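Dear colleague,

I am handing over the model below, and I would be grateful if you could read the notes that follow alongside it.

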Amino acid sequence: MLCDQTRIRFIAGKGGNGMAHFLKAKFVPKGGPDGGDGGRGGNLILKADENCRTLIDLHRKRNIKAQDGENGGTEQKTGKTGEDLIVIVPAGTMIYSPDKKELIADLTQHGQEFQITKGGKGGYGNTHFKSSRYQVPQFSELGEPGEEKEVLLELRMIADVGVIGLPSAGKSSFLNYVTRAQAKVAAYPFTTLIPNLGVADLTKILKEPGASFIMADIPGLIEGASEGKGLGHEFLRHITRTKILIHLIDIEDEDPEKAKEIIDNELAQFDKKLKRKKQIVAFNKVDLFDEEKKKELKKKWKKMFFISAATGEGVEELLKETYKVLKQEEGKMTKKAKKEESEKGEEHKTFRPYEDSPRAFQIKKLKKIGKIRQYLVTGRRIEQVSIMANIAQPDGLMHLRHLVKKLGIQRALLREG
């Protein structure tokens, strides 16, 4: 079963709590604070693997959580850091925001990694707060919660050539003949339920080392597939990464022009860029027809190929042309990428130290309740220290008030009245 889309919540590990403890040892008078810091929570990392083909294993998990950091100990012992959790995804996985409006990352290369959520910071033990002026700190910090993020994972297969066509056009048979794929085929009309990948090796045909390309057959598209009819709309996204397309048409079809028009319209309605992709047209099952039928088709179609996925007739010529066109398209893509890079030029950055600082904060006036004025204070650092402040301990609340003053928030609130 192929699963190429799933929604998951990734939760990084929580940081360990710091410890408030004082040294009690024989012959050590006034031992002082010795509470250790908490360990950092584990990060959550997505890693692309070309040997992984589907998102089905992740589809069964709605929440994935990394390991929490351990709490600090006595004698200034720092808690163990939570282990980073590496989640394997197929190469070609795109990471979107839940509403699919923002592309967060695109993992296309084998071994490529992306940190999806960051582990929480470990809380400081009371040892961290001792000073000549404050020799007996009776508080520590709580561990920071790990970052949480809900994302939509979408798999788009990475193939050089996509094989498209109506159901029973012989796409799977063709893929099986030119690659080592073992796609299911049968002697009755049916459509493939999942896309299949295979590598076409042309080293013997072209006498050129390394001459090969990856092919994918896209399950049977039907009229209305882009609107959700049939299964084809589920797999149209896999065509977007291909460089060129082989359009297989069943020679037994009464109206081959109509068959091609249906597929072309579905591609255009799903994504206009798909219709602009280079297509190589091939009539399959030519072994079932005579020469007169071939001559009639050649008059109507200027450039096309006659092949038989069953006997191999005409397949070698089609593969040669496919490899030639593929190299041309790759050359155009390389030139386009270089041109865009040169036009981009040097990027000018405007630095705003205060706005970019984690110490920055904003104050928003809220609705008044009776005679009580309400203000909402937001900012990366103040939110972090508020979550980590352990106000249940002696002096914990005092430390939080000290930080509010130190960050300039108290002064700003006084200005607001």
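Asn196 stands opposite Asp217 in β11, within an antiparallel pairing of β10 and β11 that extends over 6 bridges; here two strands count as paired if DSSP finds at least two bridges between them, and helices (H or I, at least four residues) and strands (E, at least two) are DSSP runs, numbered from the N terminus. The model is a predicted one, in which local features need pLDDT of at least 70 and side-chain atom pairs count only at pLDDT 80 or more, whereas totals for chains, interfaces and linings use all residues. Residues are numbered from 1 along each chain as its sequence is written, and side-chain values use heavy atoms, with hydrogens and water left out.

The two strands just named belong to an open sheet of 6 strands with mixed pairing, in the order β10-β11-β9-β12-β13-β14. Its edge strands, each paired on one side only, are β10 (196-201) and β14 (305-306). On the other side of the β10 pairing, β11 also pairs with β9, in the parallel sense and over 3 bridges, and there Val161 stands opposite Met215 in β11. Strand β12 (residues 244-250) and strand β13 (residues 278-284) are likewise parallel, over 7 bridges, with Asn284 in β13 as the bridge partner of Asp250.

Two helices lie across this sheet, where contact means heavy atoms within 4.5 Å and angles, from 0 to 180 degrees, are taken between the N-to-C directions of lines fitted to C-alpha atoms, for helices over the stretch in contact. Helix α2 (residues 171-178) lies across β9 (161-164), β10, β11 (212-217) and β12, and runs at about 40 degrees to β10. Helix α4 (residues 256-270) lies across β9, β12 and β13, at about 145 degrees to β12.

There is also an open sheet of 3 strands, again with mixed pairing, in the order β4-β2-β7. Its edge strands are β4 (85-90) and β7 (113-117), each pairing on one side only, and the twist averages 30 degrees from one strand to the next. Strand β2 (residues 44-49) runs parallel to β4 and is joined to it by 6 bridges; Ala48 stands opposite Val89 in β4.

For your own work the largest pocket may be of interest. A pocket is defined on a 1 Å grid over the protein atoms alone, as an open set of points where a 1.4 Å probe fits, with protein on both sides within 12 Å along at least five of seven lines, and lining residues have an atom within 4 Å of a point. The largest pocket holds about 820 Å³ of space, the volume being that filled by probe spheres set on the points, which are joined across faces, edges and corners. Of its 29 lining residues, the closest to its centre are Lys121, Glu141, Arg381, Gln384 and Val385. The lining divides into 11 nonpolar, 7 polar and 11 charged residues, where Ala, Val, Leu, Ile, Met, Phe, Trp, Tyr, Cys and Pro count as nonpolar, Asp, Glu, Lys and Arg as charged, and the others, Gly among them, as polar. Both α9 (380-388) and α10 (396-406) supply at least two residues of this lining, and α9 gives the most, with 6 residues.

With best regards
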